[in-house]
Amino acid sequence: MKKLAMITIASLAMGATAVSAQEAGRTIIVMDGSGSMWGQIEGVPKLQIAREAVADLLPQLEADRALGLVAYGHRRRGDCSDIEVLVQPALGQSEAIIDAVNEMRFQGKTPLSAAVRQAAEALRFSEEPATVVLVTDGLETCAADPCALGIELEEAGIDFTAHVIGFGLSQAEGAQVACLAQNTGGQYVSAKDADGLTTALNQTVGQTAELAEPEPIDLPTAKLTVDKQSTPITTAIEVSWDGPNAEDDFIDIVSAKTPEQAGLDFIYTANGNPQLFKMPATPGDYILRYRWTGRAGWDTIATLAITVTEAEFVLDAPQSAEQGEMVDVTWKGPNNADDYIDTIERGATRTDGEVTYAWARDGNPAQLQMPITPGEYDLRYVVQGEQGRSVGLVVPLTVLPTTANLVAPEQVRPGDEFEVQFNAPNTSGDWVDIVTPGYEEFSGEITYFYTEHAQNGVGRLTAPTEEGTFELRYVLEGRDGRIVLVRKPLIVTASADDTTFSE
């Protein structure tokens, strides 16, 4: 099998400087345009870091290298088909790619597998050598398997290689997408910040395509223990372990039929011992793995067989979500007229005073809003019977701090109308307003717009008529109250340039 060197966003530089154009074939960069790219690293949005890295990198590439660009999640929210070839692969496309990346809007989902497939097809990978460089800050969100895709493209391609760039991904998250590269002969490399991205660029310039085999080492040992080795689908078991607990060590679960594939879910050992681990939604035989991260890559140093069975009750939802986010919960239960799915503080047993809820009768999957306060919760199916309420199923749920963001001019002129772009939950009742600095009330704002009335994540506000310093806010309307997710300063001055924007 051919070898391919894979790196962070910088893996592109390696192929450009160390491999001749004939050896490398043609390359398409697949750029993540999902909403999570608004997340910040050291106070700078990831999308801005990526734009700057691409702008710094492409001028270094050989002039005779054919390059193209595919983007996903850059036009529409919640659309798994939002994939587009922005720049067809050809010689001399560096400037066009830089311009296209700078014009991208980051707001959608993460159909990374389908985007890589489309890039491979644009390169005619079954007819000639082709390289795809995937830049992603998130995992697949469109029900596709990047591991299986890697195997498929490797078998069908003439000389196909896929580089994967994990931008700001954790070790465990990176393990979920690394297989896409590894199954095509590639290597996954992570970039955690802007300096790491720059360092990776410098380190990979001049690196050869043939990667040296890692030096053999003595692996540490570990042991996994569970409270039950057979349990119904989507329920949680208690997992404990003895192991090295290196930084970013994690425990994941894979199908016993494909034990070398990426894990279906994971927990970090650093978050406590023991922990609750949610089982998959499909019955079958599985394997828990202790994944040691003490060196580059992931080594499995302990395994334990688990059987997952059918269940009378099922709650299938992400194990973690952001505060205020709307989440699809696929459920199974008696579906009595007043049954509901709720969230409640971890360990609570009462059947009233829930934090948020959704009626089962309103559809399956249920649309359930997450609590507005980050923390540990339980997700429950609550049965309404003739004799009262009872809890049919409880699964753990972690509510994470938001990555919401606002993009607007730093300065505006008095009375001017201006655009505000938002990347946030956009639930019914959310709004963006202008207030005086530090204003804490949820009424009496100077002006506002409801986000559900905005178009494609962009609304318009009119600046105050008096000069001064004000504040833009994104206010989340939750079932359990209201909270300000984002604050951004706004200066109103007659000397403002209305083209000055910040990200």
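This report covers the nonpolar core, the sheets, one exposed glutamate and the cavities of a predicted model.

## Nonpolar core

The largest nonpolar core has 32 residues. Three of them touch the most other members: Val30, Leu134 and Phe160. In general, nonpolar side chains of soluble globular proteins tend to be buried together.

Both strands and helices supply this core. The strands that give two or more residues are β1 (26-32), β4 (67-72), β6 (130-136), β7 (160-167) and β13 (265-268). The helices that do so are α5 (112-122), α6 (146-156) and α7 (171-182). Helix α7 gives the most, with six residues.

## An exposed residue on helix α6

Helix α6 is one of the elements that give two or more residues to the core. Glutamate 155 is also found in this helix. Is glutamate 155 buried or exposed? Its relative accessible area is 66%. The cut-off for exposed is over 50%, so glutamate 155 counts as exposed.

Threonine 184 lies 29 residues away from glutamate 155 along the chain. The C-alpha atoms of the two residues are separated by 8.6 Å.

## The five-stranded open sheet

Strands of a sheet pair through backbone hydrogen bonds, either parallel or antiparallel. One open sheet here has five strands, with mixed pairing. Their order is β18-β24-β23-β20-β21. The edge strands are β18 (320-322) and β21 (356-359), and each pairs on one side only. From one strand to the next, the twist averages 35°.

At one end of that order, β20 (residues 340-345) is joined to β21 by four bridges. These two strands run antiparallel. Aspartate 342 stands opposite tyrosine 357 of β21.

## The three-stranded open sheet

Another open sheet has three strands in the order β17-β19-β22. Its pairing is antiparallel. Why do β17 (314-316) and β22 (366-369) each have one side without a neighbour in the sheet? Both stand at the edges with a single partner strand, so one side of each is left without a neighbour. The twist averages 35° from one strand to the next.

Three bridges link β17 to β19 (residues 326-332), and the two run antiparallel. Leucine 315 stands opposite tryptophan 331 in β19.

## Strand β32 and its partners

Strand β32 (residues 481-492) is joined to β26 (residues 411-412). It is also joined to β31 (residues 468-478). How do β31 and β32 run? They are antiparallel, with eleven bridges between them. The two strands form a hairpin, with two residues between them. Leucine 476 stands opposite isoleucine 483 in β32.

The pairing of β26 with β32 is parallel and rests on two bridges. Here valine 412 stands opposite valine 492 of β32.

## Cavities

How many cavities of 30 Å³ or more does the structure hold? There are two. The second largest has a volume of about 30 Å³.

Its lining draws on separate stretches of the chain. Trp38, Arg77, Phe106 and Gln107 are among the lining residues. Gln421, Phe422, Asn423, Asn456 and Gly457 also line this cavity. By class, the lining of the second largest cavity divides into three nonpolar, five polar and one charged residue.

Key. Residues numbered from 1 in each chain as written. Predicted model: local features only at pLDDT ≥ 70, side-chain atom pairs only at ≥ 80, totals over all residues. Heavy atoms only, no water. 1 Å grid on protein atoms, 1.4 Å probe; cavity = no way out; pocket = protein on both sides within 12 Å on 5 of 7 lines; lining within 4 Å. Points joined across faces, edges and corners; volume = space filled by probe spheres on them. Nonpolar A, V, L, I, M, F, W, Y, C, P; charged D, E, K, R; others polar. Pairing = 2+ DSSP bridges. Axes fitted to C-alpha atoms, helices over the stretch in contact; angles between N-to-C directions. Core = buried A, V, L, I, M, F, W, Y, C linked by side-chain atoms within 4.5 Å. Buried < 20%, exposed > 50% of the residue type's maximum accessible area, 1.4 Å probe, protein only.
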